[in-house]
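Work through the exercises below with the model open. Each task is followed by a solution in steps.

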Amino acid sequence: MTDLIVATRNKGKLLEIGKILEGVHCRIYSLADFPDLPEIEEDGVTFEQNAIKKASAIAQLTGLPALADDSGLVVDALGGRPGVFSARYAGTGATDETNNAKLLEELRGTPPERRGAAFHCVIALCLPDGSCTTFSGELRGSILEVPQGGGGFGYDPLFFVEEEGSSLAELPLERKNRLSHRGKALELLKGKLSKA
Ligand SMILES: O=P(O)(O)OP(=O)(O)OP(=O)(O)OC[C@H]1O[C@@H](n2cnc3c(O)ncnc32)[C@H](O)[C@@H]1O
Ligand SMILES: [Mg+2]
């Protein structure tokens with residue numbers, strides 16, 4: 001494989017994915033290189049369906065192998081919500097800030113021992129011929145009562161990682177990549193690419 005387009009509009013994800021793929025021998029493009037591509041509607045009910053939908057649409061439209069990431073936060077005390085709806089948790093026009101505020105509000109009064117959660121990530125790699133492969137990763141942690149740290153993106157300031165004794169937003173990018181849901185899924189993909 002000589003070319004690859006990373007099909008995400010999320011700058012935080014793009015930064016993390018770009019760093020992990022640094023050693024991979026192919027030319028990496030992003031959606032910024034193809035400004036006229038349409039928005040792909042994420043109407044799947046699983047991370048896998050959405051990741052495949054995004055990657056296959058972009059592979060078809062550009063004629064390049066495409067990689068897409070669908071991810072989200074699964075909160076135990078909320079029966080797995082926001083899950084695949086993590087980006088739109090606080091409704092139309094949701095931002096990281098409004099999503100985080102809604103999460104804190106919904107978990108108000110929930111004691112620390114019942115604030116367990118996990119990030120899930122599915123990476124889909126699709127070729128222009130329509131064939132796709134997926135890779136998954138998960139990271140368990142718990143939801144803080146107050147945001148901590150200014151790094152990362154999305155729910156990172158509220159996601160506490162026991163082994164690190166800090167939130168994901170307090171970790172340097174390389175460290176987050178080493179343990180994150182996204183990092184784990186992409187390491188599996190890299191293993192496959194190196195054998196291809
Ligand atoms: O679909 P693309 O264009 O890739 O970008 P997106 O931000 O819409 O991405 P998703 O549809 O996969 O939604 C993922 C949601 O979960 C959040 N999320 C995913 N991975 C995260 C991480 O590593 N740290 C914090 N929040 C994360 C993210 O902020 C979104 O709200
Ligand atoms: Mg999305």
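## Exercise 1: The central strand

Task: Decide how far β3 is enclosed by the rest of the structure.

Solution. The model is predicted. Start with the count: ten of the ten residues of β3 are buried, so this strand is largely enclosed by the rest of the structure. Next, split the strand by side. In a regular strand, side chains alternate between the two faces of the sheet. On one side of β3 sit A66, A68, D70, G72 and V74, all buried. On the other side sit L67, D69, S71, L73 and V75, and these are all buried as well. Both faces of β3 are therefore covered.

## Exercise 2: Neighbours in the sheet

Task: Name the strands that pair with β3, and give the sense of each pairing.

Solution. Strands of a sheet pair through backbone hydrogen bonds, either parallel or antiparallel. Take β1 first. Strand β1, residues 3-6, runs parallel to β3, with two bridges between them. Here V6 stands opposite L67 of β3. Now take β4. Strand β4, residues 116-126, is antiparallel to β3, and ten bridges link the pair. One check on this pairing is D69, whose bridge partner in β4 is I123.

Task: Extend the sheet outward and find its edge strands.

Solution. Continue from β4 to β5: these two pair in the antiparallel sense over eleven bridges. C121 stands opposite G137 in β5. Five residues lie between the strands of this hairpin, and G130 takes a positive phi near 100 degrees. Now write the full order, β2-β1-β3-β4-β5-β6-β7. This is an open sheet of seven strands with mixed pairing. Its edge strands are β2 (27-30) and β7 (166-167), each pairing on one side only.

## Exercise 3: An annotated residue

Task: Locate D70, and work out why D70 counts as buried.

Solution. Begin with the record. An unreviewed UniProt entry places the feature "active site" at D70. Then place the residue: D70 lies in strand β3. Count its surroundings next. D70 has 26 C-beta neighbours inside 10 Å, so D70 counts as buried; the cut-off is 20 or more. Last, list the contacts. Beyond residues up to four places away in sequence, D70 touches F47, N50, A51, K54 and V122.

## Exercise 4: The shell around the ligand

Task: Describe the residues that surround ligand 1.

Solution. The shell holds 23 residues. The closest are T8, N10, S86, A87 and G154. Sort the shell by character: six residues are nonpolar, nine polar and eight charged. Then sort by element. β3 (66-75) and α3 (96-106) each supply at least two residues. β3 gives the most, with five.

## Exercise 5: The nonpolar core

Task: Which elements supply the largest nonpolar core?

Solution. Nonpolar side chains tend to be buried together in soluble globular proteins. The largest nonpolar core has 42 residues. Those with the most contacts inside it are A55, A66, L67, I123, A124 and F159. At least two core residues come from each of β1, α1 (11-20), α2 (47-62), β3, β4, β5 (132-143), β6 (159-161) and α5 (181-195). β4 has the largest share, eight residues. β4 is also mostly covered, with nine of its eleven residues buried. Finish with A55. Leaving aside neighbours within four places in sequence, A55 is in contact with A7, A66, L67, A68, A124, L125, C126 and C132.

## Exercise 6: Two loop positions

Task: Is G63 buried or exposed?

Solution. Place the residue first: G63 is in the loop between α2 and β3. Then count. G63 has 11 C-beta neighbours inside 10 Å, so G63 counts as exposed; the limit is 12 or fewer. For distance, compare I20: G63 and I20 are 43 residues apart in sequence and 23 Å apart in space, C-alpha to C-alpha.

Task: Find the cis peptide bond that involves P82.

Solution. P82 lies in the loop between β3 and α3. The bond joins R81 and P82, and omega is about -5 degrees.

Methods
Residues numbered from 1 in each chain as written. Chains lettered and ligands numbered in written order. Predicted model: local features only at pLDDT ≥ 70, side-chain atom pairs only at ≥ 80, totals over all residues. Near = placed C-beta within 6 Å. Helix = DSSP H or I, 4+ residues; strand = E, 2+ residues; numbered from the N terminus. Nonpolar A, V, L, I, M, F, W, Y, C, P; charged D, E, K, R; others polar. Pairing = 2+ DSSP bridges. UniProt positions renumbered as here; feature names shortened; annotations may be inferred. Contact = placed C-beta atoms within 7 Å. Core = buried A, V, L, I, M, F, W, Y, C linked by C-beta atoms within 7 Å.
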